2 protein chains.
Amino acid sequence: MKDHHLDRPAGEPTGPSRRRLLGTAGAAGAAGLVLGAAGGALGASAAAERPPALATVGAGRRPFRGVHQPGIADPAQAHGHLVAFDLAAGAGRKEAAALLRRWSRAAEALMAGEEPPGRLHDTGIALDAGPSSLTVTFGMGRTFFDRTGLAARRPAALEPLPPFSSDALDPGRSDGDLWIQIGADDSLVAFHALRALQREAAGTARVRWQMSGFNRSPGATASPRTARNLMGQVDGTNNPRETDEDFEQRVFVPADGDPEWMAGGSYAVVRRIRMLLDDWEREPLAEQEKVIGRRKSDGAPLSGGTETTPVDLAKRTADGDLAVAADAHVRVSAPETNGGAAMLRRSFSYHDGFRDDGAPDAGLLFVAWQADPLRGFVPVQRKLDRGDALSRFIRHEASALFAVPGGAGEGEYVGQRLLEG
Amino acid sequence: MKDHHLDRPAGEPTGPSRRRLLGTAGAAGAAGLVLGAAGGALGASAAAERPPALATVGAGRRPFRGVHQPGIADPAQAHGHLVAFDLAAGAGRKEAAALLRRWSRAAEALMAGEEPPGRLHDTGIALDAGPSSLTVTFGMGRTFFDRTGLAARRPAALEPLPPFSSDALDPGRSDGDLWIQIGADDSLVAFHALRALQREAAGTARVRWQMSGFNRSPGATASPRTARNLMGQVDGTNNPRETDEDFEQRVFVPADGDPEWMAGGSYAVVRRIRMLLDDWEREPLAEQEKVIGRRKSDGAPLSGGTETTPVDLAKRTADGDLAVAADAHVRVSAPETNGGAAMLRRSFSYHDGFRDDGAPDAGLLFVAWQADPLRGFVPVQRKLDRGDALSRFIRHEASALFAVPGGAGEGEYVGQRLLEG
């Protein structure tokens, strides 16, 4: 066995590693990341039992610093927490800046698999586990700017979303001054991050709402590409891809964007969309497929081909009917029918048990990313609101819109350009 | 690429495979299971894009049939659902037998990665995924025997658990006529099974309560052995192991047990134990370790050694104090101090967001398995109830006890020996 030591870039936290692992990556095809630490940190007896290296899931590590925040263009993880905070009475710009500085320090350490630095001893919940592709993403809601005296610097794009006729929104689970999105491929790593960040907020901000969701475990399917929602439907096929020429332009605010402090940032639309699964599952398969406009088995459009074949909206069946019905979800949401509007959907399914009426409290924590909500979510949802066959089977129960600043540069914290600019 | 076909033992379901995968297992060290199906089931276009084989997580498969039910002696999975049902008004022995027959058929198919057979089209939620180590385990509560006219065959071991002074039980989330434990290493596979089994119950039984939990993802840690709970503590170290000489005797009812129909079965004690994490996390690390009697970092007992070193209850520090405090959890729960009582704990952590009082609604879905609750859970809990330092930081909020019959033999359904005996 050979010991590897992770080269630590300047600006990375140097706190004690929570995982004192020695060895080489075990699984073929693993990222090859091995967290190492000099001997002596372990008791002599424990050192005798050298644990093997982290496996693939634990070893996944995403960068905290960069032009963009993590948790946007990278793949959605198996576990997610969305949590909104309101600033405490008396907390203003100064306290918010200090909080975002603490949060950024903590996020950077957590994403590196380290204990978060700070006054409090670590909870230990993530001990032994690797970073597990943890990402932490911070955003600000419309109300943040009033509470911090920064209303003049509020982006125009943070205007409230228009009401939609199918909305049944719970204000207590909507909006919020601040927002954190946490994603990880291990549930304890995700919970650890949630607790650590919540503890850093104590005295400055309190939890307004919190939702947890999930996606496929890495390795559960043959193809990592395929994602399904709780309706059993392939989801996300038409998502913009990082390889698309206009991906950056659609998803991120440009370097010379407005306001300046949002350069490299994005806007997140968050909707809690409950699925009426009892109703949905009573529909015959053919009816479900007609509602969506895609085959359930493989996601291929009803106009033919495979999942990735472009939908042929003009195609007719031998009987002369439209192959993809006029009110099919895939037609109504298609960029071609929305002036090219597109957003990057990066959602989690949720399941919070059963409601008092016996129906499952389950659906989609829809998270959509775009450079401008008025050219992303809003025109698409306006269209869906009027004519989507899927509307009968879903309820939008909560809604929020957050400005997500660009990523932190070296020595910087997320939001610094706003709060100290 | 070579096509493998799974040899199908007699009695296995022969319904259409939900995953029509061709190829060889991709990851080194994978179980090597590949689900195959003859071509032609896919559309010609889809067949052209042969997906690669299932990766390790998806390929995990556990047997439904055997002396014992699955989900007891095998490792706890990353996702779990516990769900209790009450029989509907008018449903008696005959309806219960038909339900257990349907449930057994469905469980066997689901655990093989197949669509559940039956009247209803499949929801499709698990399409593309492998069995992902799914297990489905069925049990009966005390009330089941009255409702089905089988009171005379009710095991003595199903007497209600004694009350404990630290209990704060919610009757609506306790007990139940029937119980299902679902575990899988993929969240959609677990949800799919939950929905499928719930749909099979329609008209015969309704959900009484349902709880969901989680454990580490396979591959998140270097050692698969280490499990932590949401207090950050290594948990399960002293669990009986399958290699122990008395494992079978402790966990399972013997072949000549009483009642006869419980041969190969076990008793499950289920407790929803909320952790008062805000209080716990305020304690200094040394105080937490004193409460438990083990070091947080690696689970080693405070009497010295490593995680697996037996706890030395007599050991004293240089100051003459007990190394493991008189009220330390590990001392009070130790088999040595409980007349050898031991149970197999196979729990899931849970996290259902925040309570109205702002505290996290999180803790342990404690599931303990034993041949006799009066020689397993009851004496241990009685002792803990009186003198466990951990009691200050936990609340038992729900409780149930189920008789879990032996595994289904070929052609049999779970519970048949009771219902048709």
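1. A quick word before the annotation: UniProt positions are given here in the numbering used for this structure, feature names are shortened, and annotations may be inferred rather than shown by experiment. Also keep in mind that this is a predicted model.

2. With that said, the UniProt record (an unreviewed entry) lists residues 69–215 of chain A as "domain: Dyp-type peroxidase N-terminal". In the model, that span is 27% helix and 22% strand. The C-alpha atoms at the two ends of residues 69–215 of chain A sit 21 Å apart.

3. Next, the two chains. Chain B lands on chain A after a rotation of 180° with 0.0 Å of shift along the axis, and the RMSD is 0.0 Å. The two copies are therefore related as by a two-fold rotation axis. Both copies use the same surface, too: 100% of the contact residues of chain B recur in chain A.

4. Now have a look at a helix pair inside chain B. Helix α3 (residues 93–111) of chain B and helix α5 (residues 187–201) of chain B have axes that come within 9 Å and cross at roughly 160°. Since angles over 145 degrees count as roughly antiparallel, that makes α3(B) roughly antiparallel to α5(B). The crossing of α3(B) past α5(B) is right-handed.

5. Which residues make this helix contact? From α3(B) come L99(B), R102(B), W103(B), A106(B) and L110(B). They meet H192(B), A193(B), A196(B), L197(B), E200(B) and A201(B) in α5(B). Sorted by class, the contact of α3(B) with α5(B) has eight nonpolar residues, one polar and two charged.

Conventions:
Residues are numbered from 1 along each chain as its sequence is written. Chains are lettered from A and ligands numbered from 1 in the order in which they are written. This is a predicted model: local features need pLDDT of at least 70, side-chain atom pairs count only at pLDDT 80 or more; totals for chains, interfaces and linings use all residues. Side-chain values use heavy atoms; hydrogens and water are left out. Copies are superposed by least squares on the C-alpha atoms of residues with pLDDT of at least 70 in both. Contact means heavy atoms within 4.5 Å. Axes are lines fitted to C-alpha atoms, for helices over the stretch in contact, and angles run from 0 to 180 degrees between N-to-C directions. Helices (H or I, at least four residues) and strands (E, at least two) are DSSP runs, numbered from the N terminus. Angles under 35 degrees count as roughly parallel, over 145 as roughly antiparallel, 65 to 115 as roughly perpendicular and the rest as oblique. A crossing is left-handed if the near helix is turned anticlockwise from the far one by less than a right angle, and right-handed if clockwise. Ala, Val, Leu, Ile, Met, Phe, Trp, Tyr, Cys and Pro count as nonpolar, Asp, Glu, Lys and Arg as charged, and the others, Gly among them, as polar.
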